[in-house]
Amino acid sequence: MTDTIAPDYTTDAFFGLEDRWVETAPGELTHYHELGTGTPILFLHGSGTGVTAAANWWLNLPELSELGRCIAIDSIGYGQTVVAEGTEYGIREWVRHAVRVLDALGIEKTWIVGNSLGGWLAFQFAIDFPERVAGIVSMGTGGAKLTAALQGHSSPVLTPEGVRQTLELFVVDKTLVTDELVALRYASALNDTASSRLAEVVAARDRDRTALPLDFDVLARLAVPVLLIHGTQDAVIPVSRTWELVNTIPHADAHIFSQCGHWSQVERAEDFNEVVGRFLRSHRVG
């Protein structure tokens, strides 16, 4: 039995998701949301200011949980996951954390759905632990070369207006960035900075952009089904990132959304759920 105490925290009703915690290492309690039964589908969020599993996937989990056991985690350094003293961050550390979650939940093999940083992690997971990945869906896959937008993304301004500006980079339709959503992300960002976590995770992410880029030679031998999703107006990670991957991975398909930015699972949520659901069903999920 763990001595680590879960935070006194309830995910805001705006997201409509229940909270769960699981001990994944000594001193480490992973916060997650779970819906559905059957084939495991692990959801990995991106790295924007104030990001959480709920804030990434609240529009997708209810529908996609009709197909399988959807598990959306707060990666170490983000959200409400409690980390042990001395925890290090980085691409491989985040992948190992995801493996610990699977182990703690008794899951041997899973599909992975990842957004931005989460997509980068999904492919690194497949490189490091290929036997544990059934397939991948990745949107605006992270790890791309540094762009002006990414550079700005690396230096978030921790004010409500700064959070708003960051979120507006993610979408074409700025009306999606409501006052309520900004307030929720700002509150989460303040939690991130309580122990300087935000600066640490951003530094680790940007370090590994150069130190640990995806190994395309290994990805060229990836044997699992892959769906790559991108918005044509993605101002954070250019759509060329998807073309690089789809031309490398043997079993990769791509779906490109028009009038869509970096946040396809939110900006085109209904269409996103339909596209991903159809892809999963075609591979006998659900």
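Good morning. Helices, of at least four residues, and strands, of at least two, are taken here as DSSP runs numbered from the N terminus. The model that I shall present is a predicted one.

I shall begin with the loops. Gln259 is found in the loop that runs between strand β8, residues 252-257, and helix α11, residues 264-267. Gln259 has a phi near 50°, which is a positive value in a residue other than glycine. With a relative accessibility of 52%, Gln259 counts as exposed, since the threshold for that class is over 50%.

A second non-glycine residue, Ser116, likewise has a positive phi, of about 60°. Ser116 lies in the loop between β5, residues 110-115, and α4. Is Ser116 buried or exposed? Its relative accessibility is 9%, and Ser116 therefore counts as buried.

I turn next to the nonpolar interior. The largest nonpolar core holds 44 residues, and those touching the most other members are Trp94, Phe123, Phe125, Leu219, Leu222, Val226 and Ile249. Several elements supply at least two residues each to this core: the helices α3 (91-104), α4 (117-128) and α8 (197-211), and the strands β3 (40-44), β4 (69-73), β6 (133-139) and β7 (226-231). Which element gives the most to this core? That is α4, with eight residues.

Val226 may serve as an example from this core. Once residues up to four places away in sequence are set aside, Val226 touches Phe123, Ile136, Ile249, His251, Ala252, Asp253 and Phe279. Apart from this core lies another, of 41 residues, with Trp57, Phe257, Val275 and Val285 among them.

Two of the helices just named, α3 and α4, also pack against each other. Their axes come within 9 Å and cross at roughly 75°. That angle makes α3 roughly perpendicular to α4. On the α3 side the contact is made by Ile91, Arg92, Trp94, Val95, Ala98, Val99 and Leu102, and on the α4 side by Leu117, Trp120, Leu121, Gln124, Phe125 and Asp128. How do the residues of the contact of α3 with α4 divide? They comprise 10 nonpolar, one polar and two charged residues.

Helix α3 has a further contact, with α8. Here the axes come within 8 Å and cross at roughly 110°. The two helices, α3 and α8, are therefore roughly perpendicular to each other. From α3 the residues that make the contact are Ile91, Glu93 and Trp94; from α8 they are Val201, Ala204, Arg205, Arg207 and Asp208. In the contact of α3 with α8 there are four nonpolar and four charged residues, and no polar ones.

Now to the aromatic pairs, of which the structure holds eight. One of them joins Phe15 and Trp58 in an edge-to-face arrangement, 5.4 Å from centre to centre and with 75° between the planes. This pair links distant parts of the chain, 43 residues apart: Phe15 stands in the segment before β1 (20-25), and Trp58 in the loop between α1 (53-57) and α2 (61-64). Phe15 is buried, at a relative accessible area of 9%, and Trp58 is buried as well, at 12%.

In another pair, the ring centres of Phe170 and Trp263 are 5.6 Å apart and the planes stand at 65°; since an angle over 60 degrees qualifies, the pair is edge-to-face. This pair, too, links distant parts of the chain, here 93 residues apart, with Phe170 in the loop between α6 (160-169) and α7 (179-193) and Trp263 in the loop between β8 and α11. Phe170 counts as buried at 5% relative accessibility, and Trp263 is buried with a relative accessible area of 1%. The loop between β8 and α11 thus holds both the exposed Gln259 and the buried Trp263. Ring pairs also link Phe14, Phe15 and Trp58 into a cluster.

My last residue is Arg241, in helix α10, residues 240-246. At 7% relative accessibility, Arg241 counts as buried, because the limit for that class is under 20%. Which residues is Arg241 in contact with, leaving aside its neighbours within four places in sequence? They are Thr141, Gly142, Gly143, Ala144, Leu214, Phe216 and His230.

Thank you for your attention.

Technical notes:
Residues are numbered from 1 along each chain as its sequence is written. This is a predicted model: local features need pLDDT of at least 70, side-chain atom pairs count only at pLDDT 80 or more; totals for chains, interfaces and linings use all residues. Side-chain values use heavy atoms; hydrogens and water are left out. A nonpolar core is a set of buried Ala, Val, Leu, Ile, Met, Phe, Trp, Tyr and Cys residues joined through side-chain atoms within 4.5 Å. Buried means under 20% relative accessible area, exposed over 50%, partly exposed in between (1.4 Å probe, protein chains only). Contact means heavy atoms within 4.5 Å. Axes are lines fitted to C-alpha atoms, for helices over the stretch in contact, and angles run from 0 to 180 degrees between N-to-C directions. Angles under 35 degrees count as roughly parallel, over 145 as roughly antiparallel, 65 to 115 as roughly perpendicular and the rest as oblique. Ala, Val, Leu, Ile, Met, Phe, Trp, Tyr, Cys and Pro count as nonpolar, Asp, Glu, Lys and Arg as charged, and the others, Gly among them, as polar. Rings of Phe, Tyr and Trp (its six-membered ring) pair if their centres lie within 6.5 Å; planes under 30 degrees apart count as stacked, over 60 as edge-to-face and the rest as tilted.
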